[in-house]
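Reader: I have a structure open in front of me and would like to learn how to read it. Could you walk me through it?

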Amino acid sequence: MCGILGSVNSALSEKVLDLIAARGPDDSGLESYSIGRHSVDFGHRRLAIVDLSPAGHQPMVSQCGRYHIIFNGEVYNHAEIRASLKFSSFRGHSDTETLLYALIERGAEALRSFNGIFSLAFLDENEQRLFLARDPFGVKPLYYRFSANKLQFGSELKPLLAMQSAEVDTASLAELLRLRYLPSPDTLFKDVRRLRPGHFLDVN
């Protein structure tokens with residue numbers, strides 16, 4: 001299953017990351033990056049499926065050290081994508097590593113070729129650019145919140161609410177009672193949104 005958690009200008013801790021430990025009992029990673037005047041934190045809880053070796057550890061960094069990714073899900077055609085890339089010096093066999101280099105080579109356009117279920121965050125240190133993406137069917141969740149110059153995002157609401165409390169959105173509550181579900185981007189909390197299926201969020 002796996003779980004991702006990240007932030008801009010809002011420090012993460014192991015304690016907060018452990019709130020999604022049930023999503024990934026096999027491995028855990030937490031990294032911080034200084035991007036200009038800003039700080040970016042990436043956290044990951046791993047359930048190893050495609051590559052069981054340490055080469056699948058996340059957050060994952062490119063061999064040049066410029067790019068970083070956290071990924072939740074599975075991309076079924078990653079072997080075909082890997083074969084089509086110019087880069088060939090892979091460390092392991094994980095779909096995460098394939099997606100990292102696909103995004104490096106093709107940018108957000110690479111998302112069109114991902115056949116699978118996923119949510120991810122991709123960081124380019126040199127361009128000072130971060131983007132979040134979610135699969136076209138919205139199978140894998142991705143919540144986010146902007147507050148002043150801060151951004152928090154993750155696979156579950158629990159860690160976001162632990163980092164900063166939020167008020168219940170009564171309009172969303174009424175919508176939930178009426179429809180028996182909440183369509184994206186709505187959530188039960190004010191200022192907390194869910195990325196729409198098949199969309200990406202670009203932050204620079």
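**Strands and salt bridges**

Author: Happily! Keep in mind that this is a predicted model. Let's start with one pair in the sheet: V8 stands opposite L151 in β9.

Reader: Which strand is joined to β9 there, and by how many bridges?

Author: Strand β1, residues 3–8, is joined to β9, residues 150–154, by four bridges, and the two run antiparallel.

Reader: What is the order of the strands in the whole sheet?

Author: The open sheet has six strands, ordered β2-β3-β1-β9-β8-β10, with antiparallel pairing. Because β2 (27–35) and β10 (193–194) each have a single partner strand, they stand at the edges, and one side of each lacks a neighbour in the sheet.

Reader: Now the side chains. How many salt bridges does a search of the whole structure find?

Author: Here is the general idea: side chains of opposite charge can pair when their charged atoms come close. In this structure, the search finds eight salt bridges. One of them is between E156 and R23, at 3.3 Å from N to O. E156 sits in the loop between β9 and α4, and R23 in the loop between α1 and β2, so the pair ties together parts 133 residues apart in sequence.

Reader: Is R23 buried or exposed?

Author: Buried means under 20% relative accessible area. R23 has 9% relative accessibility, so R23 counts as buried.

Reader: Which residue forms a salt bridge with D202?

Author: That is R129, with the closest N and O atoms 2.8 Å apart. D202 is in strand β11 and R129 in strand β7, 73 residues apart.

Note on methods: Residues numbered from 1 in each chain as written. Predicted model: local features only at pLDDT ≥ 70, side-chain atom pairs only at ≥ 80, totals over all residues. Heavy atoms only, no water. Pairing = 2+ DSSP bridges. Salt bridge = Lys/Arg side-chain N within 4 Å of Asp/Glu carboxyl O. Buried < 20%, exposed > 50% of the residue type's maximum accessible area, 1.4 Å probe, protein only.
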